[in-house]
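Trainee: Could you take me closely through one part of this model, starting from a single residue and working outward to the helices and domains around that residue?

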Amino acid sequence: MAKVKVAILGSGNIGTDLMYKLGRSEVLELTTVIGIDPDSEGLKRAKELGYVTIDTGIEGFLERAELADIVFDATSAKAHIRHAKLLKEAGKQVLDLTPAAVGPFVVPTVNLDEHLDADNINLITCGGQATIPMVHAINRVQSVEYAEIVATISSKSAGPGTRANIDEFTQTTSRGIELIGGAKKGKAIIILNPAEPPIIMRDTIHAMVEGAYINQQEITASIKEMEQEVKSYVPGYRLRQEPIFDGNQITILIEVEGAGDYLPKYSGNLDIMTAASVKVAEEWAKNRITKLTV
């Protein structure tokens with residue numbers, strides 16, 4: 001199968017982790033890593049691995065736009081607003097790993113098939129990627145009236161971009177819980193835990209469903225099925241225990257351990273974003289290749 005050329009915009013932790021994951025893809029060919037600091041660790045590693053490196057930001061890439069058809073934006077929410085416009089004008093498909101919410105929200109296990117022709121896809125947030133599948137798993141069995149998620153991550157895995165986007169995180173995740181998860185009302189909370197040694201990402205989902213009767217067996221089966229679906233591209237994703245039922249309320253406890261490609265294994269919050277974005281890009285690429293061969 002021919003590979004589709006891709007570029008990474010942003011040479012920080014997320015962009016560098018993406019670089020290693022993309023190196024294993026059977027349908028994506030990473031050609032270019034773009035940053036603004038020529039001395040950044042990400043650009044140094046990219047150059048050592050033989051990729052084209054650009055240290056003049058998006059302007060430098062647009063001068064050589066033929067280098068990639070798909071661009072992963074791993075910068076910041078504010079920067080992506082500008083990037084999205086420029087990349088659309090250049091005819092590129094863009095995967096947004098920031099909470100900018102320019103394009104449609106996508107969680108691979110829930111609604112990817114609906115957006116294979118989109119020119120910009122938003123990966124919501126790490127908390128969204130980890131918890132929205134579980135809200136959806138409940139909702140496909142029994143309607144969810146309210147869902148609240150608490151994402152707890154290590155302070156060490158929250159870089160400048162994450163800290164600058166806290167407000168966008170809570171707003172975007174809450175919207176995703178409703179739009180993609182299916183809850184009538186959603187709320188998101190993020191906690192940065194300074195514990196030493198650093199903890200891995202842990203998420204708690206509290207859901208309230210309609211009706212006095214809960215089909216515990218079907219809901220539990222749906223939750224476990226969803227766990228395996230997410231695990232297919234995020235191997236460190238797992239339930240910490242059986243779902244907890246109390247009246248019409250359900251509590252799910254999950255944790256996300258990173259693959260350790262570049263980031264420490266406790267940085268599951270970053271790993272789930274890069275893993276989800278690669279999954280989306282691969283399906284985009286397969287869709288693109290299919291259209292070219294028909």
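Mentor: Leaving aside the neighbours within four places in sequence, valine 110 is in contact with Pro133, His136 and Ile180. The model is a predicted one, and in it valine 110 lies in helix α5. The C-alpha atoms of valine 110 and glycine 182 are separated by 10 Å, although the two residues are 72 residues apart along the chain.

The chain leading into this helix deserves a look as well, since alanine 101 lies in the loop between β5 (93-96) and α5 (108-111). Alanine 101 has a phi near 60°, a positive value in a residue other than glycine. Most residues other than glycine have a negative phi, and most peptide bonds are trans. The second part of that statement bears on another loop, where the peptide bond from glutamate 196 to proline 197 is cis, with omega near -5°; proline 197 is found between β8 (185-193) and β9 (201-209).

The contacts of valine 110 lead next to the domains. The domain assignment gives domain 1 as 4-123 + 272-293 and domain 2 as 126-265, and the centres of the two, taken over C-alpha atoms, are separated by 25 Å. To the contact between them, domain 1 brings 26 residues and domain 2 brings 25 residues. About 2,200 Å² is buried between domain 1 and domain 2, and carbon and sulfur atoms give 70% of that area. On the side of domain 1, Phe105, Thr109 and Ile272 supply 31% of the area buried against domain 2, more than any other three residues.

Within the stretch assigned to domain 2, helix α6 (residues 126-139) packs with helix α8 (residues 166-179) at an angle of about 20°, the axes being 9 Å apart. The two helices, α6 and α8, are therefore roughly parallel to each other, and their crossing is right-handed. In this packing Cys126, Gly127, Gly128, Ile132 and Val135 of α6 meet Phe169, Thr173, Gly176 and Ile177 of α8. By class, the residues of this contact divide into five nonpolar, four polar and no charged.

Helix α6 also packs with helix α9 (residues 216-231), where the axes come within 8 Å and cross at roughly 145°, again in a right-handed crossing. Here α6 contributes Pro133, Met134, His136, Ala137 and Ile138, which meet Ile219, Ser222, Ile223, Met226, Glu227 and Val230 in α9. The contact of α6 with α9 has eight nonpolar, two polar and one charged residues. Pro133 and His136 are thus named in this contact with α9 and also among the residues in contact with valine 110.

A further helix pair belongs to the picture on the domain 1 side. Helix α1 (residues 13-22) and helix α10 (residues 268-293) pack with their axes 10 Å apart and at an angle of about 45°, which makes α1 oblique to α10. In passing α10, helix α1 makes a right-handed crossing. The residues that form the contact are Ile14, Asp17, Leu18, Lys21 and Leu22 from α1, together with Leu270, Asp271, Thr274, Ala275, Ser277 and Val278 from α10. They divide into six nonpolar, two polar and three charged.

Notes: Residues are numbered from 1 along each chain as its sequence is written. This is a predicted model: local features need pLDDT of at least 70, side-chain atom pairs count only at pLDDT 80 or more; totals for chains, interfaces and linings use all residues. Side-chain values use heavy atoms; hydrogens and water are left out. Axes are lines fitted to C-alpha atoms, for helices over the stretch in contact, and angles run from 0 to 180 degrees between N-to-C directions. Helices (H or I, at least four residues) and strands (E, at least two) are DSSP runs, numbered from the N terminus. Angles under 35 degrees count as roughly parallel, over 145 as roughly antiparallel, 65 to 115 as roughly perpendicular and the rest as oblique. A crossing is left-handed if the near helix is turned anticlockwise from the far one by less than a right angle, and right-handed if clockwise. Contact means heavy atoms within 4.5 Å. Ala, Val, Leu, Ile, Met, Phe, Trp, Tyr, Cys and Pro count as nonpolar, Asp, Glu, Lys and Arg as charged, and the others, Gly among them, as polar. Domain bounds come from an automatic or database domain assignment. Buried area is the accessible area (1.4 Å probe) that two parts lose on being put together, summed over both.
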